[in-house]
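Open the model in your viewer and keep the selection box handy. We will go from the whole chain down to single residues, one stop at a time.

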Amino acid sequence: MRFGKQQSEGKALLETSEILFRGEFRLKIPFSTIKSAKPVDGELHLQTAGGLAVFHLGAASEKWCEKILHPKSRIEKLGVKPGAKVALLGEFDAEFLRELGSLTRTVNNGKAASDAEWIFFAADSKGDLRSLSKISKSIQGAAALWIVYPKGQKHITENDVLAAAARPA
């Protein structure tokens with residue numbers, strides 16, 4: 001890897017929104033700071049706000065470039081395929097709805113339709129989690145249920161969600 005006057009062998013990691021490099025020096029390049037990216041003869045050339053970063057990746061350079069230039073949305077990372085039948089229960093932020101709408105138009109808002117492949121349930125409080133029993137009874141086939149809740153809050157935690165999901169229907 002080369003960055004400015006620094007050069008080192010090491011390990012490069014392609015994360016969700018950044019590239020990390022660990023070698024004789026460390027480097028963190030958020031995707032948001034990349035001005036251009038292109039694969040060149042087995043190297044990945046990234047023009048960043050801090051200068052040119054060159055990663056020697058071999059054949060992987062093209063794949064990395066594609067992932068940097070066209071990162072998957074949250075919805076795609078969850079595995080929702082284009083045209084999937086989705087049910088939304090509760091209130092979701094506008095960005096989540098935009099991502100979902102760009103992938104599928106088959107969205108049932110407010111009811112878990114029997115043919116839904118994906119059910120997203122927004123729980124803002126422990127009280128909301130009481131609905132899980134009713135929701136789980138309406139699920140048919142191999143539908144996936146994702147419980148969306150605010151992270152970093154004391155009034156509803158991951159443990160609350162896990163406990164509610166583990167309760168028998």
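The tour below starts with an overview, moves to a sheet, and ends at a few individual residues.

**Stop 1: the whole protein**

Before you zoom in, keep in mind that this is a predicted model. Show everything as a cartoon, and you can look for 5 helices and 12 strands. The protein is more spread out than a compact globule, because its radius of gyration is 21 Å, well over the 15 Å that the globule rule gives for 169 residues. Turn the model along its principal axes: the C-alpha atoms fill a box of roughly 60 × 35 × 25 Å.

Now switch on the surface. About 10700 Å² is exposed, and carbon and sulfur atoms supply 50% of that area. Of the 169 residues, 36% count as buried. If you draw the contacts between residues with a separation of 6 or more, 47% of them come from residues 24 or more positions apart.

Colouring by charge is a good last look at this scale. How far apart are the mean positions of the positive and negative charges? The protein has 25 positive and 19 negative charges, and their mean positions are 3 Å apart.

**Stop 2: the open sheet**

Select β1, β2, β6, β7 and β8, and hide the rest. These 5 strands form an open sheet in the order β2-β1-β8-β7-β6, with antiparallel pairing. Which strands are at the edges? They are β2 (6–7) and β6, each of which pairs on one side only. As a reminder for reading the picture, strands of a sheet pair through backbone hydrogen bonds, either parallel or antiparallel.

Walk across the sheet from the β6 side. Strand β6 covers residues 34–40 and β7 covers residues 43–48; the two run antiparallel and are joined by 6 bridges. To see one pairing, pick isoleucine 34, whose bridge partner in β7 is threonine 48.

Next, step from β7 to β8, residues 51–56. This antiparallel pair is also joined by 6 bridges, and a hairpin links the two strands through 2 residues. Label two positions here: histidine 45 stands opposite valine 54 in β8, and leucine 44 stands opposite phenylalanine 55 in β8.

Then look at β1, residues 2–3, which runs antiparallel to β8 and is joined to it by 2 bridges. Arginine 2 has valine 54 in β8 as its bridge partner. Valine 54 is therefore worth keeping labelled, since histidine 45 stands opposite it and arginine 2 is its bridge partner.**Stop 3: aspartate 41**

Go back to the other end of the sheet and select aspartate 41, in the loop between β6 and β7. The hairpin of these two strands has 2 residues between them. Check the backbone angles: aspartate 41 has a positive phi of about 50° although it is not a glycine. Is its side chain buried or exposed? Aspartate 41 is exposed, with a relative accessible area of 81%.

**Stop 4: glutamate 99**

Move to helix α3, residues 94–103, and select glutamate 99. Here the relative accessible area is 9%, so glutamate 99 is buried. Which residues does it touch, leaving aside neighbours within four places in sequence? Glutamate 99 is in contact with Ser73, Arg74 and Ile75. For a sense of scale, draw a distance from glutamate 99 to alanine 60: they are 39 residues apart in sequence, and their C-alpha atoms are 28 Å apart in space.

**Stop 5: lysine 126**

Select lysine 126 in the loop between β11 (118–122) and α4 (132–138). With a relative accessible area of 47%, lysine 126 is partly exposed. Beyond its neighbours within four places in sequence, lysine 126 is in contact with His155, Ile156 and Asp160. Draw the C-alpha distance to histidine 155, which is 29 residues away along the chain, and you should read 7.1 Å.

**Stop 6: isoleucine 147**

The last stop is isoleucine 147 in strand β12, residues 144–148. Show the side chains around it. Neighbours within four places in sequence aside, isoleucine 147 is in contact with Phe121, Ala123, Leu129, Leu132, Val161 and Ala165. Finally, draw a line from isoleucine 147 to glutamate 15: these residues are 132 apart along the chain, and 24 Å separates their C-alpha atoms.

How values were computed:
Residues are numbered from 1 along each chain as its sequence is written. This is a predicted model: local features need pLDDT of at least 70, side-chain atom pairs count only at pLDDT 80 or more; totals for chains, interfaces and linings use all residues. Side-chain values use heavy atoms; hydrogens and water are left out. Two strands pair if DSSP finds at least two bridges between them. Helices (H or I, at least four residues) and strands (E, at least two) are DSSP runs, numbered from the N terminus. The radius of gyration is taken over C-alpha atoms; the globule rule is 2.2 Å times the number of residues to the power 0.38. Buried means under 20% relative accessible area, exposed over 50%, partly exposed in between (1.4 Å probe, protein chains only). Contact means heavy atoms within 4.5 Å. Accessible areas come from the Shrake-Rupley method with a 1.4 Å probe; for residues, only the protein chains shown count as cover. Lys and Arg count as positive and Asp and Glu as negative; His and the chain ends are not counted. The place of a charge is taken as NZ of Lys, CZ of Arg, CG of Asp or CD of Glu.
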